[in-house]
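Here are some short questions and answers for a newcomer. Look at the picture, then read on.

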Protein chains: 2
Amino acid sequence: MDKSLIAFILACVIPPFCLFTTLPSLQLQWRIVQSSIFSFVAGVLAYKLIPTIAELTAAAGLAGTDLNKRGLKQTENKKIPESLGIVTSVVFLVCVILFQLFQWFSFPEAIQLSEYNAALTSICFMILLGFSDDVLNLRWRYKLILPMFATLPLLVAYAGGTSVVVPNITFPFNLRSVLGQVFDLGIFYRIYLLLLAIFCTNSINILAGINGLEVGQSAVIATSIIIHNIVELRLHYSSLSQVVDGVLNQTLLPASPHLLSLVLMIPFLFTTLALLMHNWYPSRVFVGDTFTYFAGMCFAVVAILCHFSKTLLLFFIPQILNFLYSVPQLFGLIECPRHRVPRFNPSTGKMEAIPTNLTILNLFLMIFGPMTEKRLCITLLIFQGFCCAVGFGLRYYVADYFF
Amino acid sequence: MDKSLIAFILACVIPPFCLFTTLPSLQLQWRIVQSSIFSFVAGVLAYKLIPTIAELTAAAGLAGTDLNKRGLKQTENKKIPESLGIVTSVVFLVCVILFQLFQWFSFPEAIQLSEYNAALTSICFMILLGFSDDVLNLRWRYKLILPMFATLPLLVAYAGGTSVVVPNITFPFNLRSVLGQVFDLGIFYRIYLLLLAIFCTNSINILAGINGLEVGQSAVIATSIIIHNIVELRLHYSSLSQVVDGVLNQTLLPASPHLLSLVLMIPFLFTTLALLMHNWYPSRVFVGDTFTYFAGMCFAVVAILCHFSKTLLLFFIPQILNFLYSVPQLFGLIECPRHRVPRFNPSTGKMEAIPTNLTILNLFLMIFGPMTEKRLCITLLIFQGFCCAVGFGLRYYVADYFF
């Protein structure tokens, strides 16, 4: 296995694990361990299934040439199986469903079935849409409309508040004196959540084009979310006097939705890493819209259910930058080709920027000069990790200043 | 449009409508009318979308030759688009989700979100599996395992009782004196529901092979379920004194799960009839496993949520007969070809039985002699309707004798 891949996987798994050991309640730790065991098995299963299903997708015509290997003899004309996100996402669903069943046997009162099932419906519908898109090459209008419908069950089940804390800004005028300390956005809060889901599903999809990037960035974001959840759980339970000798008052467990987020994000991380092992440079499989839509919806779902949508947007800084930079091209001001990837130069083996393709891939190549595909991917993943770290800083230090 | 098709559609729509008008509560009627309006729009949308999506499925290689038209010049070598169940099922999902949203605006307290969303998860997962199967040609072991997982969210959310009323049988011994009047099956009841879902999804799939049969039988079963729901609602609300001048005490509404079944079955019927218009002899589109799995799961879901699984099995008499008759072939005692359809004779234009293919299609041809494909389909649909009527008789008259 590639050394940089091993380093990346360790970087995704070790920090959450270290933080996990500092959680105050043994009972809470035990539930996270159970989820991790389920997820690890799911990851192994996904890893084993991918080559088998890859043969089937290739036989079904779901296969494409690797644009950035043109002129490289050993890989020329070799078609790479597409849409392997279907394996990851279905294994993820099965894992989450089985864990739901397991939890139901152990703590029937502790799971919020209505929100949990709404989350599953939204994710499952998004997978269905992604896979249909891969197979049928849907038009843009369908792509934009269907994620909206997929998010609705979640928004109906969303039982949380629709109020926001008004930032403590006094210039140019005192915002709190106008709106009050807390302002109820009502239906507009749900519209904001809907737009968030549409943004998440599409923004990962357009930051793509080189081996391992879609899956890698999703793994980094998932790791960040897991860390955020554990930090929040720690803050939540540390302040409770009911934790005595590591035993938590069981009725308190559903109080934190961050546990719900964890039992969705841990299987997501493991199955995504399994996919990355096949998708890392040089890719043996491609992931398809199935994966990018699935990943985006998973992030949106946990952020909505656990009320950390603003924090999620901080983790999405690279996607936001890429989207803003892409705007002139997406809205047709500059010609938009089907794939907005950089140019591969077979004589140097490096990627070179195409300045008219407005993605941060090309921007990075313009700033740092030509580099190999693998190096470009690693650079962008480090940038993603850096942005998530900055996001944490903003969330835990700067936000206190405003709220 | 074909006259027999019009007659069939009217036979599906008119009886439930006549029964509907006898419901005691105007408020209840109004909610069913609302659901019907949503469903009618969904049906029209599905009807319009099918030809557009048919081009995409055909372009994706999802197309097949019509086995029963060999030798007929005008249709020879013409590939028919496959898997159009994807349109029906996605439009159905969107319709149900929008209606959920609509209900949430009008009666937020009246919808049981946990079960509703579990139902949607199960149905959506089954559509995903069916479509994957059509695209990837999955092996049998996957086909059997995945419906099981798809049913689990529903079984976890299933909040109903797990007790059964013991039949009042005194020969060879008094069953009630041994087991009591009511016997709690506990976990075995959930296992029974799981097997029911697996049976429903697969049994429609194997009673197939001629134009319009899969969709037609599903429409007949859906009609029967709707009639059953309305009859039950009528019995339920007629006995309540809270119905005064057609106004129902609103808190009573969630009491009958048959309303939940109705708002799933009405859109199912309308979208299915839209598909049938394209799938009726001679088929312009095929429906694929996507449709048969989707239909089976919808029936299983409503039967589980509304506690009428035994009644559902009475509506499934043709599928049960077909399954039992198929057993020797399904378990490999007799050679089992890929398609177990009858033989088409181009010189007479009629279908002829192949006695080694053990399906009720061939059995009917053996009993009634060769007939055209359309006539065979109509005969089988009439048989389906007859069996459902017998099922009603057993449910409402004979069952009283035993329970």
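Q: This is a predicted model. At what angle do the axes of helix 7 and helix 10 of chain B cross, and within what distance do they come?
A: The crossing is at roughly 145°. The axes of helix 7 (residues 187–206) and helix 10 (residues 288–305) of chain B come within 8 Å.

Q: What is the hand of the crossing where helix 7 of chain B passes helix 10 of chain B?
A: The crossing is right-handed.

Q: Which residues make this contact?
A: Helix 7 of chain B brings residues including B:L193, B:L196, B:A197 and B:C200. Helix 10 of chain B brings residues including B:Y293, B:M297, B:F299 and B:I304. Leu, Ala, Cys, Tyr, Met, Phe and Ile count as nonpolar. By class, the contact of these two helices has 12 nonpolar, five polar and one charged residues.

Q: Why is helix 3 of chain A called oblique to helix 10 of chain A?
A: The two helices pack at an angle of about 40°, with their axes 7 Å apart. Angles under 35 degrees count as roughly parallel, and 65 to 115 as roughly perpendicular. The angle of about 40° belongs to neither range, so helix 3 of chain A is oblique to helix 10 of chain A.

Q: Which residues make the contact of helix 3 with helix 10 of chain A?
A: A:G85, A:I86, A:T88 and A:S89 come from helix 3 of chain A. A:G288, A:T290, A:F291 and A:F294 come from helix 10 of chain A. Gly counts as polar. The contact divides into three nonpolar, five polar and no charged residues.

Q: How many residues of chain A are in contact with chain B?
A: 32 residues of chain A are in contact with 32 residues of chain B. Residues count as in contact if their C-beta atoms lie within 7 Å.

Q: Which element of chain A gives the most to the side that touches chain B?
A: Helix 4 of chain A does, with 14 residues. Helix 2 (26–59), helix 3 (85–106) and helix 5 (140–157) of chain A are among the elements that give two or more. By class, this side of chain A has 24 nonpolar, eight polar and no charged residues.

Q: What makes the relation of chain A to chain B that of a two-fold axis?
A: A turn of 180° and a shift of 0.0 Å along the axis lay chain A on chain B, with an RMSD of 0.0 Å. Therefore the relation is that of a two-fold axis. In chain A, the C-alpha nearest the axis is that of A:S114, 1.9 Å from it.

Q: How do you know that the same surface serves both copies?
A: 100% of the contact residues of chain A recur in chain B.

Definitions and conventions. Residues numbered from 1 in each chain as written. Chains lettered and ligands numbered in written order. Predicted model: local features only at pLDDT ≥ 70, side-chain atom pairs only at ≥ 80, totals over all residues. Axes fitted to C-alpha atoms, helices over the stretch in contact; angles between N-to-C directions. Helix = DSSP H or I, 4+ residues; strand = E, 2+ residues; numbered from the N terminus. Left-handed = near helix turned anticlockwise from the far one by under 90°. Contact = placed C-beta atoms within 7 Å. Parallel < 35°, antiparallel > 145°, perpendicular 65-115°, else oblique. Least-squares fit on C-alpha atoms with pLDDT ≥ 70 in both.
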